[in-house]
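This report introduces a structure to a reader who has not met it before. It treats open and enclosed spaces, cysteines, a helix and some features of the backbone.

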Amino acid sequence: MLAQICQFLGVDSSDFPLNEHVFVADKSKDGGFLIHYFLNLCVKQNRPLCFVGLSQSFNHYCTVAQKLGTNLLSARNNKNLIFIEGLRLISDIVVEGKEKTNPILQLFNGITSPLCNLVYDSLKEIGVSSFQEHFGAPVLIIDDLSVLLSVGVPLKYVVSFVKRLQYLVTSYSPQGSLIVSLCIGEGDGDEEDTWVHLSHLGTLSIEVSNLKSGYCKEVHGQIQVEWKDSYLKPRKVHYKHTQYRLSDKNIELFASGMSSAVL
């Protein structure tokens with residue numbers, strides 16, 4: 001799976017770009033494979049990585065990574081990966097005695113500092129201030145922002161949180177990268193509006209959606225990518241589109257209309 005997606009996105013599998021800000025919109029409920037792709041790619045490159053899991057537990061990502069030949073537990077034990085249990089923080093909001101200091105609860109009032117500080121401290125824990133110990137700049141992954149919206153965090157505070165994190169990862173030298181996923185349900189105005197804001201912040205925006213023609217057993221959906229200019233990688237805005245089929249451990253990509261299953 002890694003090789004096919006690397007080729008499609010134009011990513012060097014041995015050297016993920018610096019200062020790349022990737023935003024993934026999943027409009028199909030099948031697009032989670034892209035976060036697993038980026039997670040496994042960065043772990044294989046020994047990049048200092050902070051992962052904020054808002055929708056799944058660490059065990060979930062470990063299970064998928066194992067199928068792809070990556071050991072997340074080893075990466076965490078070696079301090080190359082810090083996993084922030086965002087899902088647990090959200091659950092703890094309703095537990096008496098934990099809600100007052102919960103950093104996610106502070107987002108409801110527009111206070112982004114506690115959660116940003118948690119990310120900052122996690123990056124310090126994996127030694128991002130001592131880059132000679134690593135093979136590249138830090139990467140911060142958030143999966144997925146729609147969970148914050150679903151529990152009632154206002155859109156403007158979610159976007160503000162992302163902007164602060166973007167500033168954080170680019171404040172290091174060499175500059176780091178931010179990768180964020182967002183599930184978008186049909187007719188959900190807040191999720192759609194959040195995506196509009198986020199897509200303007202990214203240097204690489206990826207939309208995963210169902211086929212316009214409807215369900216197909218042989219073709220599971222389509223991917224549209226938009227590349228934008230970045231400080232470290234000047235480039236013209238351009239787009240690319242493909243269709244895909246998922247299996248347990250792999251993905252098949254093919255140009256639109258090339259599958260006989262879709263007329």
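Helices and strands are here DSSP runs, of at least four residues for a helix and at least two for a strand, numbered from the N terminus. The model described is a predicted one.

**The largest pocket**

Strand S1 (21-26), helix H2, helix H3 (58-67) and strand S5 (177-183) each contribute at least two residues to the lining of the largest pocket. This pocket holds about 270 Å³ of space. Its lining comprises 17 residues, and those closest to its centre are Asp-26, Gly-31, Gly-32, Asp-143 and Cys-183. Sorted by class, the lining of the largest pocket contains five nonpolar, seven polar and five charged residues.

**The largest cavity**

How many cavities of 30 Å³ or more does a search of the whole structure find? The search finds one. The largest cavity encloses about 40 Å³ of space, and the residues that line it are Ile-5, Phe-8, Leu-9, Phe-33, Leu-34, Ile-206, Ile-223 and Leu-253. Two elements, helix H1 (2-9) and helix H2 (33-44), give two or more residues to this lining. The greatest contribution to the lining of the largest cavity is that of H1, with three residues. By class, the lining of the largest cavity has eight nonpolar residues, with no polar and no charged ones.

**Cysteines and helix H7**

A disulfide is a covalent bond between the sulfur atoms of two cysteines. In this model the count of disulfides is zero. Cys-42, for instance, takes part in no disulfide: the nearest cysteine sulfur belongs to Cys-6 and is 9.9 Å away. Because residues under 20% relative accessible area are classed as buried, Cys-42 is buried, at 0%. Cys-116 is likewise counted as buried, with a relative accessibility of 6%.

Cys-116 is one of the buried residues of helix H7, together with Leu-115, Val-119, Ser-122 and Leu-123. Where do these buried residues fall when H7 is seen down its axis? They lie within an arc of 120 degrees, so they line one face of the helix. H7 covers residues 113-125, 13 residues in total. From its first C-alpha to its last, H7 reaches 18 Å, close to the 18 Å expected at 1.5 Å a residue.

**Features of the backbone**

The peptide bond that leads from Asp-143 to Asp-144 is cis, with omega near -10 degrees. Asp-144 is located in the loop between strand S4 (139-143) and helix H8 (146-150). Asp-143 was named above among the residues closest to the centre of the largest pocket.

Positive phi values also occur in residues that are not glycine, including Asn-46 and Lys-79. The table below gives their values and places.

| Residue | Phi | Loop | Relative accessible area |
|---|---|---|---|
| Asn-46 | about 60 degrees | between H2 and strand S2 (49-53) | 31% |
| Lys-79 | near 65 degrees | between helix H4 (72-77) and strand S3 (81-85) | 40% |

Are these two residues buried, exposed or partly exposed? Partly exposed is the class that lies between under 20% and over 50% relative accessible area. Asn-46 is therefore partly exposed at 31%, and Lys-79 also counts as partly exposed, at 40%.

Technical notes:
Residues are numbered from 1 along each chain as its sequence is written. This is a predicted model: local features need pLDDT of at least 70, side-chain atom pairs count only at pLDDT 80 or more; totals for chains, interfaces and linings use all residues. Side-chain values use heavy atoms; hydrogens and water are left out. On a 1 Å grid over the protein atoms alone, a cavity is a set of points where a 1.4 Å probe fits but cannot get out, and a pocket is an open set with protein on both sides within 12 Å along at least five of seven lines; lining residues have an atom within 4 Å of a point. Grid points are joined across faces, edges and corners, and a volume is the space filled by probe spheres set on the points. Ala, Val, Leu, Ile, Met, Phe, Trp, Tyr, Cys and Pro count as nonpolar, Asp, Glu, Lys and Arg as charged, and the others, Gly among them, as polar. A disulfide is a pair of cysteine sulfur atoms within 2.5 Å. Buried means under 20% relative accessible area, exposed over 50%, partly exposed in between (1.4 Å probe, protein chains only). The expected span of a helix is 1.5 Å times one less than its number of residues. The arc is that of the directions from the helix axis to the C-beta atoms.
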